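Good morning, and thank you for coming. I should like to take you through one structure, beginning inside one chain and ending where two chains meet.

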Amino acid sequence: MHKEFLMGNAAIARGAIAAGLNVISGYPGTPSTEVLETTAKCNDGSLYVEWSVNEKAALELGAGAAYSGARTMVTMKQVGLNVASDPLMSLAYIGVKGGMVIMVADDPGPISSQTEQDTRKFAEFSKLPCFDPSSVQEAYDMIQKAFEYSEEYHTPVLFRPTTRVCHGYASIEVKDEDECKKNAPEGFVRDPSKWVIFPRLSFAAHGAIEKRNVCLSKVFSESGLNPVTANGGRRGIATHGISYTYTMEAVKALGVSPEIFKVGTPFPFPEEAAVEFLTANGGLEEVLCIEELDPVIERGLIFVCGKYGLKTKIIGKLTGHIPPAGENTCASVKRAVSQFMGVELTAEEKAEDVPPLPVRPPVLCAGCPHRASFFAVKQAMKGKKSVFCGDIGCYTLGNAMPLDMVDTCLCMGAGVNITQGIGRIEPDTNCFAFVGDSTFFASAITGVINAVYNQADMTLVVLDNSTTAMTGHQPHPGTGRTMMGQVVDKVSIEAVLRGIGVKTVETVDPLKLDAAVDCVKRVSAEKGVKAIIFKSPCAVLIKGKAPAVIDSGKCINCKKCINSLGCPGLVIKDGKAAIEASLCTGCGLCSQVCPVNAIGGGENAE
Amino acid sequence: MQNNILICGVGGQGIVLTSKLIAASAMAQDIPVMSAETIGMAQKGGSVFSFLRLGDGLYCPMFPEKTADLLIAFEPAEAVRMLPYLKDGGKVIVNTHPIMPVTAALKGSSYNGSEMLEYLAKKVDDLKTIDGEAACREVGSPRALNMVMLGQAVKTGVLPFGIDAVEEVMKKTVKPQFVEMNVKALRLEI
């Protein structure tokens with residue numbers, strides 16, 4: 001063992017490698033992304049690492065490898081599990097040979113997600129064992145146990161950290177290389193009675209799964225993963241994940257000593273450990289459940305109280321003692337614990353004379369080609385009845401003023417279908433769907449096929465910046481690079497669209513504003529399904545040109561550049577528009593917007 | 001012995017590296033470290049922070065309000081935003097150069113940071129202001145700000161190690177061609 005300073009996601013990756021990982025697949029999504037990236041960085045050639053085209057593909061690939069005896073990990077964020085839920089539900093019945101851990105990162109807040117769904121509930125629904133780490137060190141240790149349970153019980157297991165564990169750092173004990181396990185997969189052994197799902201098999205498997213989960217509940221109760229800390233009182237706190245660490249900090253700071261039950265395996269719920277906790281010291285009077293997302297432990301304890309005839313009063317989210325939505329914090333947990341334990345907190349004095357703080361909502365970067373694409377469509381469609389359906393990625397930020405170009409956003413790949421639905425009700429509307437290149441490959445292609453087949457009237461706008469920018473620039477099928485370091489043929493978006501039967505497909509550089517506006521006008525006027533590919537690389541990945549320069553003699557101070565583009569590279573200094581040279585990439589868009597040609601420098605300036 | 005340190009600023013100012021170097025310097029002295037920071041939107045002009053904790057008996061990387069021993073602020077308004085985390089008698093180092101958000105430009109506001117600096121001067125007894133722009137000019141690189149701030153942070157004496165320890169881990173972390181510039185920035189006399 002030795003010490004290293006690791007991010008939670010890196011610890012999960014390193015723990016999996018220490019457990020003999022052979023194959024890892026996934027789809028990027030905050031806060032899960034760094035797990036797979038770390039395994040790729042640590043790959044000595046013995047691992048197979050891939051960013052799959054989406055979570056469903058990743059899970060299915062992982063299943064095949066696990067059927068073949070490989071120790072497999074599949075990574076995604078919580079909403080990614082929705083995409084992968086079809087194979088997940090069936091795989092729970094089929095089971096695996098090699099250990100298979102499905103790492104699903106939840107996002108209380110939510111900080112960067114569409115939903116606050118709780119993967120612990122998904123575990124219950126799919127009947128799969130679930131592990132819930134509370135710290136970086138525990139994540140490292142627990143993922144190794146997760147592999148062992150998976151292999152011993154021939155089932156995939158869910159491992160679900162939350163953002164603060166994924167993105168927290170700590171100096172932790174990690175294994176030396178010679179302490180790490182090695183796993184040599186046996187290979188796929190043909191056995192249709194085992195690997196082919198049929199109703200008869202499903203019936204038998206269902207019964208076996210229920211029996212196994214009763215057994216696992218007992219095993220987990222004794223595993224040390226659900227510790228009860230006895231302090232001798234009649235009041236208890238049940239908690240999990242990062243909230244456990246907030247609770248321990250609060251208990252220490254307040255000098256109180258409740259009984260503490262830390263639930264590390266929320267499913268199957270460790271009933272025996274719960275009973276031990278609830279019946280301590282002649283029976284606890286009251287238990288506060290401190291959880292994020294859903295009240296899983298709270299409902300579990302209420303169930304146990306009913307089943308075993310216990311009188312303990314269980315409080316938490318369902319009783320309004322813990323907020324129903326959003327993240328817990330050190331402060332919110334300290335407040336809840338102090339109230340529960342009857343300790344007065346000194347009243348927080350709020351400073352009242354704080355000057356108004358500038359808000360800093362996330363915006364498209366200076367030089368971002370998406371800004372130009374949105375602006376071109378906005379110019380072209382001025383005065384025409386239009387709807388702009390957005391999608392998931394950096395370009396969702398096109399909703400912000402002054403662009404204001406995202407009318408809908410639902411989930412990965414939804415925009416292309418939503419715009420068809422709107423068109424069915426409003427045939428006189430120009431229906432647009434914006435989709436990024438990675439999202440296009442992940443889940444928009446079927447939507448385009450749907451549109452072509454069903455004779456929709458819409459314009460698909462692919463914002464192709466040749467990367468998965470939002471999650472930190474992962475490769476995808478259009479980039480020609482893989483996580484194994486290979487340079488491969490790119491999958492052409494234009495060829496895919498033409499293959500589907502989209503007859504008009506035009507590719508244009510959005511930073512050439514006039515050409516881009518003309519292209520949108522021309523293409524959108526056609527009937528049927530047509531596509532524009534705005535192709536320009538992500539501004540973060542290219543070396544910028546010299547910053548633009550404003551000729552103060554020519555500038556009439558109309559601020560059109562600022563008010564129409566909202567670029568962070570354009571600021572106001574002494575009441576006049578100015579270039580923030582440290583941010584400007586010289587993309588030249590503002591020089592094409594300026595009505596008096598006062599902005600020079602930059603790429604496209606004359 | 002525990003130290004709570006909060007570093008804050010705007011995406012792209014080099015806050016994450018600063019945090020890493022403090023952590024690595026502590027680890028080199030066998031001091032346990034935990035940290036947590038904003039990730040994801042960091043490149044998109046948002047407020048960025050890094051919580052750092054050094055010492056024994058730590059459970060979680062975040063800490064509540066009024067418990068930071070030291071606030072290292074790369075931007076005046078961000079210092080004010082995070083000031084509630086400073087403990088009574090805590091120290092603040094702030095770069096005086098403001099970064100204007102897009103929303104301010106759109107509303108025609110001319111935020112320049114001076115109001116923030118006045119507020120800080122009123123509220124914080126142990127305040128050190130750094131003209132980050134001037135310091136970077138002196139070092140000869142606009143990217144030296146984080147090392148300048150780190151060097152000044154070490155000078156407060158709050159951190160359980162000296163500038164030599166930081167210099168050593170910095171040399172192992174950054175690309176060789178940037179070592180000289182970073183040493184100059186770390187050791188800049190202000």
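Let us start with Leu497(A). Leaving aside neighbours within four places in sequence, this residue is in contact, that is, has heavy atoms within 4.5 Å, with Phe440(A), Val448(A), Leu460(A), Val502(A), Val505(A), Ala531(A) and Ile533(A). Leu497(A) is also among the residues with the most contacts inside the largest nonpolar core, which has 78 residues. Others in that group include Phe374(A), Val377(A) and Phe534(A). By nonpolar core I mean a set of buried Ala, Val, Leu, Ile, Met, Phe, Trp, Tyr and Cys residues joined through side-chain atoms within 4.5 Å. Buried means under 20% relative accessible area, exposed over 50%, and partly exposed in between, with a 1.4 Å probe and protein chains only. Apart from this core lies another, of 75 residues, among them Val165(A), Phe220(A), Ile237(A) and Ile290(A).

A word on the basis of these values. The model is predicted: local features need pLDDT of at least 70 and side-chain atom pairs count only at pLDDT 80 or more, whereas totals for chains, interfaces and linings use all residues. Residues are numbered from 1 along each chain as its sequence is written, chains are lettered from A and ligands numbered from 1 in the order in which they are written, and side-chain values use heavy atoms, with hydrogens and water left out.

Next, the cysteines. How many disulfides are there over all chains? With a disulfide taken as a pair of cysteine sulfur atoms within 2.5 Å, the count is zero. Cys567(A) is buried, at 13% relative accessibility, but its closest cysteine sulfur, in Cys587(A), is 6.3 Å away and therefore too far for a bond. Cys60(B) is buried as well, at 0%; the closest cysteine sulfur to its own is that of Cys330(A), at 3.8 Å, again too far for a bond.

Finally, the interface. Chain A and chain B each give 49 residues to the contact. Between them they bury about 4200 Å², 65% of it on carbon and sulfur atoms; this is the accessible area, by a 1.4 Å probe, that two parts lose on being put together, summed over both. On the chain A side, Phe5(A), Tyr169(A) and Arg360(A) lose the most area to chain B, together 18% of what that side buries.

Five salt bridges are counted between the two chains, each a side-chain nitrogen of Lys or Arg within 4 Å of a carboxyl oxygen of Asp or Glu. In the one between Arg53(B) and Glu249(A), the closest N and O atoms are 2.8 Å apart.
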